[in-house]
Structures are given as structure tokens and as C-alpha cells.
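Me: Please take a close look at one part of this model, the ligand site. Then place it against the rest of the fold.

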Amino acid sequence: MKKLIVLNGSPRKSGTISRLLETLISLVNDNYEIEVIRVCDLNMQFCRGCMACRQSGHCVLPEDDAHVIGEKIRQADVLIIGTPTYWGNMSGPLKVLLDRNVFILMGENKNGFPIPRQKGKKAIIVTACTTPWPFNFILAESRGAIRALKEILHYGGYKIIGKIVKPNTKKHSEINFYLKKKIERLNAKL
Ligand SMILES: Cc1cc2nc3c(=O)[nH]c(=O)nc-3n(C[C@H](O)[C@H](O)[C@H](O)COP(=O)(O)O)c2cc1C
């Protein structure tokens, strides 16, 4: 059975991202074993920036949840990352988790060029923000969060098979018919 891991970067259990991810997961086919990680509940230290992991392939910090989840990311066939847009970016806890796991996602050759460590695996990005369409893309709101996640997934070697974007969540928090259809189409690519 293939493994699918979902990183939920929202602190809100019934918020938009949690509901979008639940809808997405409910439609995933039976070939996948699914695990959802609530990133805001993890116990983890910040990355110290020592760069030792680039050579050793291991984080020097004392064992915490970032190590555990990194191993799960390494073993997963598909990665779904959901985050509310915070300051035109991903949420802080999600960024901490991904900073801590650079070495799971990419290595470096002897000339310092990046080596993708999860090459060819599929990924999906899910994000939501209060800014209404099209301003969520004209301004760097959804666009900023997507760009930041794309950067990470790109260096990891992932193939991004789609994005789910929900703007204007203050006025319209419901997952409407069109969004559900998009989620269905995306699931068909898994
Ligand atoms: C700290 C913080 C920063 C935010 N920054 C933005 C932003 O830059 N642009 C935006 O449109 N919405 C921003 N928002 C609003 C959230 O993206 C929005 O409420 C989203 O729907 C939350 O998703 P959730 O319900 O899954 O937590 C911010 C919210 C918080 C708490």
C-alpha cells in the first residue's frame, strides 16, 4: 500500500484548511494509507542553521517531533501540504518543520549544487486566505504562500500535481461546488 502524508499547518481544527484537507482525504482512493499531521501540535525546536545536516543527513538537535515527521515524509509516496496564508507565506510552525527537515528534502553535491531527495513523488498544495480573488493573486497573498511551498517542493524534486486555493474566507468560508469539483479532479491524479 502507498503512503500519503498530510501536513496541516493551520492551528484551527475546524478552520478552512482543516475542512479542505478533510474533503480531499475523503476522496482519496483505497490504494493509500493516509496519515494527517497537525503541525501546530508538534513539539519541536527551531532550526539552528548549523548546516551540519547537509553533510551528515541528520539533524544534530535532541530527538523531537521534527525528526519523527521528517522520517514519515521520507517514507511517504505523496505529500499534501495545507497552510493558511500568513503574511503572504505559510504558517510559522509549518516553516519550522520544513526548515528542520531540509536534509530530508534535498542534499548537496561536492560543488554545493542541490540534489533532490524525493524526486518524482507527487505533492499537492492547499492554501486559504481572507483576501478576495483576484487580489489574493495580484497581491502576494495566496501567491506568496504557494511560491514559498513551491520553492521547497521543487528542491525536494516533487511533482506538484495541483493546488487548492480558497480566497475570501472571512466572507465565504464554505467549500463550494466548484472547489469540491476541483478537489475531485485532483484526486483522480493520485
Ligand atoms: C498571523 C496571520 C497572518 C495572516 N496573513 C494573511 C495574509 O497575509 N493575507 C491574507 O489574505 N490573509 C491572512 N490571514 C488570514 C488567514 O489566511 C485566513 O483567516 C485563513 O482562512 C485561515 O485559515 P484557517 O481557517 O485554516 O486557519 C492571516 C491570519 C493570521 C492569523
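Reply: A residue counts as near the ligand if one of its heavy atoms lies within 4 Å of it. The model is predicted. By that cut-off, 16 residues surround the ligand. The closest are Arg-12, Thr-85, Thr-131, Glu-141 and Thr-169.

Sorted by class, this shell holds six nonpolar, eight polar and two charged residues.

Now the polar contacts. Two of them use the protein backbone. A polar backbone atom of Thr-16 is 2.9 Å from an oxygen atom of the ligand. At Gly-88, a backbone N or O atom also lies 2.9 Å from a ligand oxygen. Thr-130 uses its side chain instead: a polar atom there lies 3.1 Å from a nitrogen atom of the ligand. As for cover, the ligand taken alone exposes 640 Å². The protein buries 74% of that area.

Next, the sheet. Five strands form an open sheet in the order β2-β1-β3-β6-β7. The pairing is parallel. At the edges sit β2, residues 32-38, and β7, residues 159-166. Each of these two pairs on one side only. From one strand to the next, the twist averages 15°.

Look at the β6 end of that order. Strand β6 spans residues 122-128 and runs parallel to β7. Seven bridges join the two. In one of them, Ile-124 of β6 has Gly-162 of β7 as its bridge partner.

Helix α1 covers residues 16-26 and packs on this sheet. Thr-16, with its backbone contact to the ligand, is thus numbered within the α1 range. The helix touches β1 (2-8), β2, β3 (78-84), β6 and β7. Its direction makes about 145° with that of β6.

Two backbone details remain, both in loops. The peptide bond from Trp-133 to Pro-134 is cis, with omega near 5°. Pro-134 belongs to the loop between β6 and α6, the helix at 135-138. The other detail is Met-51. Its phi is near 70°, a positive value in a residue other than glycine. Met-51 sits in the loop between β2 and α2, the latter spanning 52-56.

Conventions
Residues numbered from 1 in each chain as written. Predicted model: local features only at pLDDT ≥ 70, side-chain atom pairs only at ≥ 80, totals over all residues. Heavy atoms only, no water. Polar contact = N/O pair within 3.5 Å; in protein donor to acceptor, adjacent residues only side chain to side chain. Areas by Shrake-Rupley, 256 points an atom, 1.4 Å probe, with all protein chains shown as cover. Nonpolar A, V, L, I, M, F, W, Y, C, P; charged D, E, K, R; others polar. Pairing = 2+ DSSP bridges. Helix = DSSP H or I, 4+ residues; strand = E, 2+ residues; numbered from the N terminus. Axes fitted to C-alpha atoms, helices over the stretch in contact; angles between N-to-C directions. Contact = heavy atoms within 4.5 Å.
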